[in-house]
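Please examine the sequence and the three-dimensional model shown below. The paragraphs that follow lead from its surface to its interior.

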Amino acid sequence: MLPSVAVIASFSLVVGLLTVTPGLDTALVLRSAAVGGRRRAFGVIAGIQTGTLIWGFLAAIGVSALLLASAQLYDVIRLIGAAYLIWMGGRMLWSTIHGTRAAASSSGPIGDDSFFSGWRQGALTNLLNPKMGAFYVAILPQFIPESAPHLMWGLTLAGVHVLLGTAWLSALALVAQRFSRWLQRRKVARTIDGVTGTVLIGFGVGVAMEGAPR
């Protein structure tokens, strides 16, 4: 038995508010759409949603709960994720200071402008964020009855989250694309790299300083 319309509507309201709240995903997609190009931006979106679906699957089968139960395992993923974010942000700030575009070099954190490169970045950013696991472990049990098939319900609800996230981030990417010619000007692109790099470093430092949930 799949979740009822009422359950899906309630879950949609919760994750919808989370989706439209500006954060790391928003910064990555806007930056990719404005400077990296449409293919890369939609690759980032696909990667983010791949990570969301995987976290939903892991939460449904209980792996995310295991992650939260082990402070050591949580800390390992947290620190790896923090290092990844700080590295990406640092490369962007470096490109801003030295007048180069981070997206132009295949050796940079952004990689090339291909769909796969964007997908890889979006997926890694999402999967290395243990807060996503914590969110699903906290939220899913509120919407899944004990007698319901957890895997089916978990994947269905995660799918709702993916649809909402894809719609919202795609709209942001298309808006950014309309102004891409102006946004890709050298000074503007450097400013975008600087702002996005600062946001990524801020998120990374915040993740690194946050202890495991109790």
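Which helices each supply at least two residues of the nonpolar patch? They are H3 and helix H8 (150-178). The coordinates in which this patch is found are those of a predicted model. The patch, a nonpolar area of the surface of about 450 Å², is formed by Leu53, Phe57, Ile61, Val63, Leu151 and Leu155. Its largest share, three residues, is contributed by H3.

The spacing of several patch members may be read against a general property of helices. An α-helix has 3.6 residues a turn, so residues three or four places apart point the same way. Leu53, Phe57 and Ile61 are among the members of the patch, and helix H3 covers residues 38-61. On the other side of the pairing, Leu151 belongs to helix H8. Why does Leu151 count as partly exposed? Leu151 is placed in that class because its relative accessibility is 37%, and the class lies between the limits of 20% and 50%.

Helix H3 also leads into the interior. Arg40, a residue of this helix, has a relative accessible area of 0% and is therefore buried, the limit for that class being under 20%. The side chain of Arg40 is joined to that of Ser117 by a polar contact of 2.7 Å. A further polar contact, of 2.8 Å, links the side chains of Arg40 and Gln121.

Both partners of Arg40 direct attention to another helix. Ser117 and Gln121 are among the buried residues of H6, which also include Gly118, Gly122, Ala123, Thr125 and Asn126. Helix H6 runs over residues 115-127 and contains 13 residues. From its first C-alpha to its last, H6 reaches 18 Å, close to the 18 Å expected at 1.5 Å a residue. The polar contacts of Arg40 with Ser117 and with Gln121 thus form side-chain links between H3 and H6.

These local features may now be placed within the chain as a whole. Its secondary structure comprises ten helices and zero strands, giving the pattern α-α-α-α-α-α-α-α-α-α along the sequence. The chain has 214 residues, of which 46% count as buried. Among contacts between residues at least 6 apart in sequence, 82% join residues at least 24 apart. The chain exposes about 10,600 Å², and carbon and sulfur atoms supply 70% of this area.

Methods:
Residues numbered from 1 in each chain as written. Predicted model: local features only at pLDDT ≥ 70, side-chain atom pairs only at ≥ 80, totals over all residues. Heavy atoms only, no water. Helix = DSSP H or I, 4+ residues; strand = E, 2+ residues; numbered from the N terminus. Buried < 20%, exposed > 50% of the residue type's maximum accessible area, 1.4 Å probe, protein only. Polar contact = N/O pair within 3.5 Å; in protein donor to acceptor, adjacent residues only side chain to side chain. Expected span 1.5 Å × (residues − 1). Patch = residues over 30% accessible without salt bridge, like charges linked within 9 Å, V, L, I, M, F, W, Y side chains within 5 Å. Areas by Shrake-Rupley, 256 points an atom, 1.4 Å probe, with all protein chains shown as cover. Salt bridge = Lys/Arg side-chain N within 4 Å of Asp/Glu carboxyl O. Contact = heavy atoms within 4.5 Å.
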